Amino acid sequence: MVAIIDYGVGNLFSLNASLNKIGQQACITNDINVINQASHIILPGVGAFSDAAKLLSASNMDKVLMNNKKPILGICLGMQLLFEKSYEFGITDGLGLIPGEIVPLKGKIHQKIPHMGWNKLDITNPSPILNGMQDQFVYFVHSFYANTNNKYITSVVEYDIAVTATVQKDNIFGCQFHPEKSGEVGLRLLKYFCEYK
Amino acid sequence: MLSKRIIPCLDIRNGRVVKGTNFEGVRDVDDPVELARYYNNAGADELVFYDITASVEQRGLFTNILTKVASEIFIPLTVGGGINEVEDFERVLRCGADKVSVNSGAIKNKYLISNAAKKYGSQCIVLSIDAKRVDGKFKVCTMGGRTITDIDLIEWAKEGETLGAGEIVLNSIDTDGVKNGFDLPMLEQLCNAVKIPVIASGGAGTEQDFKILFEKVQGVDAGLAASIFHYKQVSIPNLKNYLSENGISVRL
């Protein structure tokens, strides 16, 4: 069973539906007992980093995630929360599960912000969740991105600069795009994550 | 680099897909869930649903459809029609919509944009504008083009951007349903005025119309159409292959 962490951020309908679609039992929860029983954890999120970080700690989910040994997948803002800190509306601490920080696209690119739409994956380090996904398109909506050591970056997309698309550190995975909105490719990524042991 | 998006639009009334010419003479085309599945398999980059159901009582039908579509189609879904209050955002987002499009509701109360953006984020707010030429100026229309307001298209679009809209759909009433190509001059002016993504709507009749759109108005992010896709006059896979062969980046 996959636990989708519910901490009051974002719309979890599609994520839950996409896991059902690939035959995975999923549970939207903030119950520590349910999370303990889960094999995998997904940390979703849309909106502002500081609000989400506050909600994570108010629900005690921050401690649950920091002490966890199961595979975790952070999606979009959920991925950003895995890092040490963000510069969105001041400086806010994240979970610190992966070294690095969340910085604005603004000032670094000439293209439109947010980076919204389908962009092409370029795999920079092999990752079990990216099997066969070189040059595949996935759906992004974001204005900030992860600035981290290249060894944690598993794929990027070109948007004037190489924007971090996926990251991995041991059993901690993150994707900046929305796999639940990226058609067949996104469903495959979720499936590979759920199969990761 | 982002690909250019191809977006089929489904106008829904009382649970069925409809599309007319110049918004008059609406006729039934197909079942919305079937059509959504068809478009997803054909490679549509996003789906737009406009609920043109007149009565509030029938709105429940639409949210049922939306829930069904969102349970099996995993590309972005935008929903519009009858969005007048922040509660209307909640109603459709709960059923699996990713973005909500506002039109006359925002003209009546512009703070609908900022209030919704604050609550759900700008990425969620699509400002849909119907516009028409009046004495050489582009004016905003309401009631599907039947009423012309005194509001200037460019001023309204810029204000919408400032209030927190994340995207603009521009539907030219002058070209809508005519199938003679998108309204390039109107789109050009809009793209030069705003920094958020712009979706072109109204006038597509052939594959070539999309090519001309993306070549001539480089700021345009997406092309939206309804009847040419519903009646299979243009097939989305053929269209995308054609655009790709012509050097336009699309998701294949």
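**Exercise 1. Compare the radius of gyration of chain A with the globule rule.**

Step 1. Take the rule: 2.2 Å times the number of residues to the power 0.38, with the radius taken over C-alpha atoms. Step 2. Chain A has 197 residues, so a compact globule would have a radius of gyration near 16 Å. Step 3. The value for chain A is 15 Å, which agrees. Step 4. For the box along the principal axes, the C-alpha atoms of chain A fill roughly 45 × 40 × 30 Å.

A note on the input: this is a predicted model, in which local features need pLDDT of at least 70, side-chain atom pairs count only at pLDDT 80 or more, and totals for chains, interfaces and linings use all residues. Residues are numbered from 1 along each chain as its sequence is written, chains are lettered from A and ligands numbered from 1 in the order in which they are written, and side-chain values use heavy atoms, with hydrogens and water left out.

**Exercise 2. Repeat the check for chain B.**

Step 1. With 252 residues, the rule gives a radius near 18 Å for a compact globule. Step 2. Chain B has 17 Å, which agrees. Step 3. Its C-alpha atoms fill a box of roughly 45 × 40 × 40 Å along the principal axes. Step 4. Count the elements, which are DSSP runs numbered from the N terminus (helices: H or I, at least four residues; strands: E, at least two). Chain B has 10 helices and 12 strands. Chain A has 6 helices and 14 strands.

**Exercise 3. State the buried share of each chain.**

Step 1. Fix the classes: buried is under 20% relative accessible area, exposed is over 50%, partly exposed is in between (1.4 Å probe, protein chains only). Step 2. In chain A, 57% of the 197 residues count as buried. Step 3. In chain B, 60% of the 252 residues do.

**Exercise 4. Decide how the buried residues of α7(B) are arranged around its axis.**

Step 1. Helix α7 of chain B covers residues 184-193. Step 2. Its buried residues are M186(B), L187(B), L190(B) and C191(B). Step 3. Seen down the axis, they fall within an arc of 125 degrees, so they line one face of the helix. The arc is that of the directions from the helix axis to the C-beta atoms.

**Exercise 5. Describe the surroundings of L112(B).**

Step 1. L112(B) lies in helix α5 of chain B, residues 111-120. Step 2. Its relative accessibility is 2%, so L112(B) counts as buried. Step 3. List contacts (heavy atoms within 4.5 Å). Leaving aside neighbours within four places in sequence, the partners of L112(B) include I83(B), V86(B), F89(B) and V102(B). Step 4. I83(B) is 29 residues away along the chain, yet the two C-alpha atoms are separated by 9.3 Å.

**Exercise 6. Find backbone exceptions in both chains.**

Step 1. Recall the background: most residues other than glycine have a negative phi, and most peptide bonds are trans. Step 2. In chain A, a cis peptide bond joins I113(A) and P114(A), with omega about 5 degrees. P114(A) is in the loop between β7 (98-104) and β8 (115-120). Step 3. In chain B, D135(B) has a positive phi, near 50 degrees. D135(B) sits in the loop between β7 (125-134) and β8 (137-142) and is exposed, at 79% relative accessible area. Step 4. K232(B) also has a positive phi, about 60 degrees. Its loop runs between α9 (227-230) and α10 (236-245) of chain B. K232(B) is exposed at 53%.
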